Amino acid sequence: MSTKKLCLELVSCRFRDEVKADQAQQALAQLNDFLKEQKGYRNRTYTEMEHPVYLDLVWWDSLDDAKEASEQAMQSELCKGAFALMDLPNVAMEHYELVSDTH
């Protein structure tokens, strides 16, 4: 029996003040190409809380997969382009492992 638990990655990201909402949304959408290539990636949604702040929810097969993808993102040219528009000191990332399944 596998001990891997689904993992939710929750990212609150703030874009720099001069970045317009459509630019921020385009940058977030571009990250999908990177994510789709990562081991353990399941799906992703993101919402605009109040521009320039967005909430990003990404599901992974495991916490290890999420952490590995985070490390790979820091090396990815595609991700670096999106990250360059963000106010990085005000980006927060948390990981949560699924404890129960109500289905």
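This report covers a pocket, a strand pair and one loop residue in a predicted model.

**The largest pocket**

The largest pocket holds about 350 Å³ of space. Its lining counts 22 residues. Nearest the centre lie Glu 9, Leu 31, Ala 73, Phe 83 and Met 93. By class, the lining residues split into 18 nonpolar, one polar and three charged. Several elements give two or more residues each to this lining; they are tabulated here.

| Element giving two or more lining residues | Residue range |
|---|---|
| β1 | residues 7-14 |
| α1 | residues 21-35 |
| β3 | residues 53-60 |
| α2 | residues 63-73 |
| α3 | residues 77-83 |

**The β2 and β3 pair**

β3, one of the elements that line the pocket, also pairs with β2. The two strands run in the antiparallel sense, over eight bridges. A hairpin of two residues joins β2 to β3. Within the pair, Glu 48 stands opposite Tyr 54 of β3. Strand β2 itself spans 41-50.

**Gln 38**

Ahead of β2 comes a loop, which follows α1 and contains Gln 38. Is Gln 38 buried or exposed? Its relative accessible area is 17%, under the 20% cut-off, so Gln 38 counts as buried. Which residues does Gln 38 contact, leaving aside neighbours within four places in sequence? They are Trp 60, Ala 69 and Gln 72.

Key:
Residues are numbered from 1 along each chain as its sequence is written. This is a predicted model: local features need pLDDT of at least 70, side-chain atom pairs count only at pLDDT 80 or more; totals for chains, interfaces and linings use all residues. Side-chain values use heavy atoms; hydrogens and water are left out. Helices (H or I, at least four residues) and strands (E, at least two) are DSSP runs, numbered from the N terminus. Buried means under 20% relative accessible area, exposed over 50%, partly exposed in between (1.4 Å probe, protein chains only). Contact means heavy atoms within 4.5 Å. On a 1 Å grid over the protein atoms alone, a cavity is a set of points where a 1.4 Å probe fits but cannot get out, and a pocket is an open set with protein on both sides within 12 Å along at least five of seven lines; lining residues have an atom within 4 Å of a point. Grid points are joined across faces, edges and corners, and a volume is the space filled by probe spheres set on the points. Ala, Val, Leu, Ile, Met, Phe, Trp, Tyr, Cys and Pro count as nonpolar, Asp, Glu, Lys and Arg as charged, and the others, Gly among them, as polar. Two strands pair if DSSP finds at least two bridges between them.
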